[in-house]
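This briefing goes through one protein model by topic. Please keep the sequence and the coordinates open while reading.

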Amino acid sequence: MDSPRIVIIGGVAAGPKAAARARRLMPRADITIVERGRFLSYAGCGMPYFIEGKIKEVNELICTSAGVPRDSVFFEKVKNVKALNRTLATRIDRKAKVVEVVRVDSGEREILPYDKLVIATGGLPVKLPINGADLKHVFYLNQPDDALAIWDAVHSGNVKRAVIIGGGLIGMEVTGALAANGIEVSIVEMLDHLLPAALDPEMAAFLTKHVSAKGVHVFTGEKVQRIESDSVGNVRKVITDQREIPAEMVLLAVGVRPNVQLAKDAGIEIGQSGGIVVNEFMQTSDPDIYAGGDCVEVTDVVGGRKIHWPMGSAANKQGRVIGDNLAGRRSVFRGTVGTGVLKVFDYNVGRTGLTEQQARTLGYEVVTSLCPSPDCTHFMPEARLVLVKMVADAKNGRLLGIQAVGPGEAVKRVDVVATALHFGATVDQIGELDLGYAPPYATAIDVVAHAANIIQNKRTGLARGVTPYEVKAKLDRGEPFVWLDVRTQREYDEMRIEDSRIRLIPLGRLRERIAELPRDQEIIAFCKISLRAYEAQRILQEHGFENVSFMDGGITAWPFDVVRIT
């Protein structure tokens, strides 16, 4: 069938991509997009940057790189696709193979017959069942009209303080946007650290320390109970189970759920994650109906589970696969390795694969490394710090994931590991990669390879690492041990951790002063990034010390208080 009737429900990411790909492959196909909103094919990921002011007009989010708006006229003239915006699909009749739609503004109803149907209905913001969620200046951020409303509030002059409920990706991106406009921001996250689905606690603590230094108030492990108003219905404060936080604006950013009611009413199978079940060809339980984007569940390639992964990058790839299959090409979407990146103030944040917590929940025996490094050679003036955490299977060395945080180039490292995860690499193979090196771009052995080498050393018994959180737990329990600082006296004078367990012996003098250390106590060595501490561990073992290890990441990765002498 070279001229099928194709109806696509959803006009943001996966839907338009499927339409564009199908049109290139089937010039005579009859293709119609149905979109309930007024904007088509917009870049939703750019909305925080519009709120911040980096993007001057919201229309820039719906324009092509040539500045042409992707509106219904664009789809008709350029793509030869009929695009019905402000049109709601209300029912799918699978037996008759028709979609019932209604024009939002006029109430006019229409029946659209199809040979093939695509469901790309996206996601909906998770609603908090709390009093006050409907007050003036309480917002979600799901589509451009939301961004416009937030922008208006920010520039009204009436908002001095804002509370963001939810410390996930959207919440963190909007934090920077609001702070850039001079608004005092508080974040309330119900779980015990920021970005709980993306980062492990020590990586989140590293980020939280920086966010707090920027003036943001971070409250984790707190549950919002209600939002209170003044006498005329404006937001006045947010009440948690631990405090009251004054605010004139609130953003509810506690997650996105698949928008599947239309598919569910049509009898299409819904998965345990809440998304529409699709096979590798993006077909639903009805072979004539495809689905893609934030409304579907996908395969976690690393963990082997089904997950909901609402990312624009995944939606566009899925749309292309759907377009191919509408034309009979049999393309496949294997799934996702879970790559996500974002900017938080001047910090780059990224992750791919499984976090340590996720891997342990799935039953893996894991080994990790925590590795700070400059993103390029240290003598280059543009060198910036990036902290990397790598997670691997302790049994076979299979790479499971990475997290990267810092002012340095983190996304490059995440992309390298995402590629490796896609092909099932081990940490040994990561160390063998021929990555680009020149002083302005990387170190001779990149931080990703360093992180892999640390894990390799741990798996072979050469390295014995403990995490900063494990050290902190020992401190809190009052355990006796020697905390061996092997940095120089100058480094110690500039920045140090204050604790009676600290013993300063620079690495270059360790062999001559080794008799000063007790053999009957645990010794945990550290330095700036713990390369010297690892060497100290090996020296002590060489001299017969048995209970010795080093602190992963050194003082650079220590997320707790330090004394700085300026």
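Which residue in strand 3 does valine 34 stand opposite? Valine 34 faces leucine 84 of strand 3. The model is a predicted one. The points below go from the whole chain to a parallel sheet, the nonpolar cores, two buried residues and two further strands.

**Whole chain**

- The protein chain contains 15 helices and 32 strands.
- The C-alpha trace spans about 90 × 60 × 40 Å along its principal axes.
- A compact globule of 566 residues would have a radius of gyration near 24 Å, and the protein chain, at 27 Å, agrees with this.
- Of the 566 residues, 54% count as buried.
- Among contacts in the protein chain with a separation of 6 or more, 64% come from residues 24 or more positions apart.
- The exposed area of the protein chain is about 24900 Å², and carbon and sulfur atoms supply 49% of it.

**The parallel sheet and its helices**

- Five strands form an open sheet with parallel pairing, in the order 3-2-1-7-18.
- The edges are taken by strand 3 (82–84) and strand 18 (289–291); each has a single partner strand, so one side of each is left without a neighbour in the sheet.
- On average, neighbouring strands of this sheet are turned by 15° against each other, direction ignored.
- Strand 2 (residues 30–34) runs parallel to strand 3 and is joined to it by 3 bridges.
- Helix 1 (residues 14–25) packs on the sheet and touches strand 1 (5–9) and strand 2. The direction of helix 1 makes about 170° with that of strand 2.
- Helix 8 (residues 312–326) also packs on the sheet, where it touches strand 1, strand 7 (116–119) and strand 18. The direction of helix 8 makes about 160° with that of strand 18.

**Nonpolar cores**

- The largest nonpolar core has 49 residues, and those with the most contacts inside it are Ile92, Leu117, Ile119 and Ile276.
- Outside its neighbours within four places in sequence, isoleucine 276 has contacts that include Ile119, Val260, Ala263, Ile268 and Ile270. The contacts of isoleucine 276 also include Glu269, Thr284 and Glu297.
- Another core, of 44 residues, lies apart from the largest one; among its members are Ile51, Ala177, Ala198 and Val218.

**Histidine 137**

- Histidine 137 is found in the loop between strand 8 (123–125) and strand 9 (138–139).
- Is histidine 137 buried or exposed? With a relative accessible area of 18%, histidine 137 is buried, because the cut-off for buried is under 20%.
- Not counting residues up to four places away in sequence, histidine 137 touches Ala153, Val159, Val235, Glu248, Met249 and Val250.

**Strand 25 and glycine 406**

- Strand 25 (residues 399–406) contains glycine 406.
- The strand is mostly covered, with 8 of its 8 residues buried.
- Glycine 406 has 0% relative accessibility and therefore counts as buried.
- The C-alpha atoms of glycine 406 and asparagine 348 are separated by 5.4 Å, although the two residues are 58 residues apart along the chain.
- Leaving aside neighbours within four places in sequence, the contacts of glycine 406 are Phe206, Asp346, Tyr347, Asn348 and Leu385.
- Strand 22 (residues 347–353) runs antiparallel to strand 25, and 6 bridges join them. In this pairing glycine 353 stands opposite glycine 401.
- Strand 24 (residues 385–393) pairs with strand 25 over 6 bridges, also in the antiparallel sense. Valine 391 of this pair has glycine 401 as its bridge partner.
- The hairpin of strand 24 and strand 25 has 5 residues between the strands, and glycine 397 takes a positive phi near 75° there.

**Strand 27**

- In a regular strand the side chains alternate between the two faces of the sheet.
- From strand 27 (residues 482–485), Val482 and Leu484 point one way, Trp483 and Asp485 point the other way, and all are buried.
- Strand 27 pairs in the parallel sense with strand 30 (residues 523–526) over 4 bridges. Aspartate 485 has phenylalanine 526 as its bridge partner in strand 30.
- A parallel pairing over 3 bridges also links strand 27 and strand 29 (residues 502–504). In strand 29, leucine 504 is the bridge partner of aspartate 485.

Technical notes
Residues are numbered from 1 along each chain as its sequence is written. This is a predicted model: local features need pLDDT of at least 70, side-chain atom pairs count only at pLDDT 80 or more; totals for chains, interfaces and linings use all residues. Side-chain values use heavy atoms; hydrogens and water are left out. Two strands pair if DSSP finds at least two bridges between them. Axes are lines fitted to C-alpha atoms, for helices over the stretch in contact, and angles run from 0 to 180 degrees between N-to-C directions. Contact means heavy atoms within 4.5 Å. The radius of gyration is taken over C-alpha atoms; the globule rule is 2.2 Å times the number of residues to the power 0.38. Buried means under 20% relative accessible area, exposed over 50%, partly exposed in between (1.4 Å probe, protein chains only). Accessible areas come from the Shrake-Rupley method with a 1.4 Å probe; for residues, only the protein chains shown count as cover. A nonpolar core is a set of buried Ala, Val, Leu, Ile, Met, Phe, Trp, Tyr and Cys residues joined through side-chain atoms within 4.5 Å.
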